[in-house]
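Here are my notes for anyone opening this one for the first time. Have the structure on screen and follow the points in order.

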Amino acid sequence: MLDQAKLLKEAWDMKRKMEKIQKELQKKVVTVSRGSITIHITGGLEVREVVLDPGVEEINNIKTFAANLKNAMNLAISEAKEMMQDELKEVTGGMNLPGLM
């Protein structure tokens with residue numbers, strides 16, 4: 001019975017630590033640039049800003065611009081997820097827990 005109580009306490013502590021880290025990740029920003037596009041995204045996957053450099057020629061070519069926008073967004077999301085995984089590894093001991101990302 002004592003072991004179950006200990007396990008429950010450890011699980012509760014882990015949950016609180018993960019919630020704290022997830023709140024901290026909301027404040028951290030990843031910045032990625034592709035072509036004339038710069039994306040700023042939080043560790044919580046919220047896009048904070050999209051910056052377009054109006055002096056670049058690719059804006060005149062919509063296909064190139066769209067491809068760079070897609071690539072920049074995908075890379076920003078990937079890097080933000082990687083940052084989340086790195087932060088949460090400390091709490092989970094490297095275990096991949098479903099529903100965290």
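1. How far apart should the ends of H2 be, at 1.5 Å a residue? With 31 residues, H2 should span 45 Å. Its end C-alpha atoms sit 44 Å apart, so the expected and modelled lengths agree. Keep in mind throughout that this is a predicted model.

2. Now for the overall layout. The protein has 2 helices and 3 strands, and the order along the sequence is α-β-β-β-α. H1 covers residues 2-25, while H2 takes in residues 62-92. Two of the strands will come up again below: S1 at 29-34 and S2 at 37-42.

3. A few totals help set the scene. The protein has 101 residues, and 27% of them count as buried. About 7,200 Å² is exposed, with carbon and sulfur atoms supplying 55% of that area. If you take the contacts between residues at least 6 apart in sequence, 48% of them join residues at least 24 apart.

4. Next, have a look inside. The largest nonpolar core has 16 residues, and those with the most contacts within it are Ile21, Leu25, Val30, Ile37, Ile39, Ile41 and Ala76. The elements giving two or more residues to this core are H1, S1, S2 and H2. H2 provides the largest share of the core, at 8 residues.

5. Ile39 is a good residue to click on. Apart from neighbours within four places in sequence, Ile39 is in contact with Val30, Thr31, Val32, Val47, Glu49, Val50, Leu69, Ala72, Met73 and Ala76. Both Ile39 and Ala76 are also on the list of core residues with the most contacts.

6. Back to H2 for a moment. Its buried residues are Phe65, Asn68, Ala72, Ala76, Ala80, Met83, Met84, Glu87, Leu88, Val91 and Thr92. Straight after H2 comes Gly93, with a positive phi near 65 degrees.

7. Which residue forms a salt bridge with Asp13 and has its closest N and O atoms 3.1 Å away? That partner is Arg16. Both residues lie in H1, 3 residues apart, or about one turn of the helix. Is Asp13 buried or exposed? Asp13 has 18% relative accessibility, so Asp13 counts as buried. Arg16, at 45%, is partly exposed. The pairing goes further, too: Lys9, Asp13 and Arg16 are linked in a network of salt bridges.

8. The structure holds 6 salt bridges, and here are two others worth finding. As background, side chains of opposite charge can pair when their charged atoms come close. One of the bridges joins Glu46 and Arg48, at 3.6 Å from N to O. Glu46 is partly exposed, with a relative accessible area of 39%, and Arg48 is partly exposed as well, at 46%.

9. The other is in H2, where the side chains of Lys89 and Asp86 meet in a salt bridge at 4.0 Å, N to O. Lys89 and Asp86 are 3 residues apart, about one turn of the helix. Lys89 has a relative accessible area of 48% and is partly exposed. Asp86 also counts as partly exposed, at 42%.

Key:
Residues numbered from 1 in each chain as written. Predicted model: local features only at pLDDT ≥ 70, side-chain atom pairs only at ≥ 80, totals over all residues. Heavy atoms only, no water. Helix = DSSP H or I, 4+ residues; strand = E, 2+ residues; numbered from the N terminus. Buried < 20%, exposed > 50% of the residue type's maximum accessible area, 1.4 Å probe, protein only. Contact = heavy atoms within 4.5 Å. Areas by Shrake-Rupley, 256 points an atom, 1.4 Å probe, with all protein chains shown as cover. Core = buried A, V, L, I, M, F, W, Y, C linked by side-chain atoms within 4.5 Å. Expected span 1.5 Å × (residues − 1).
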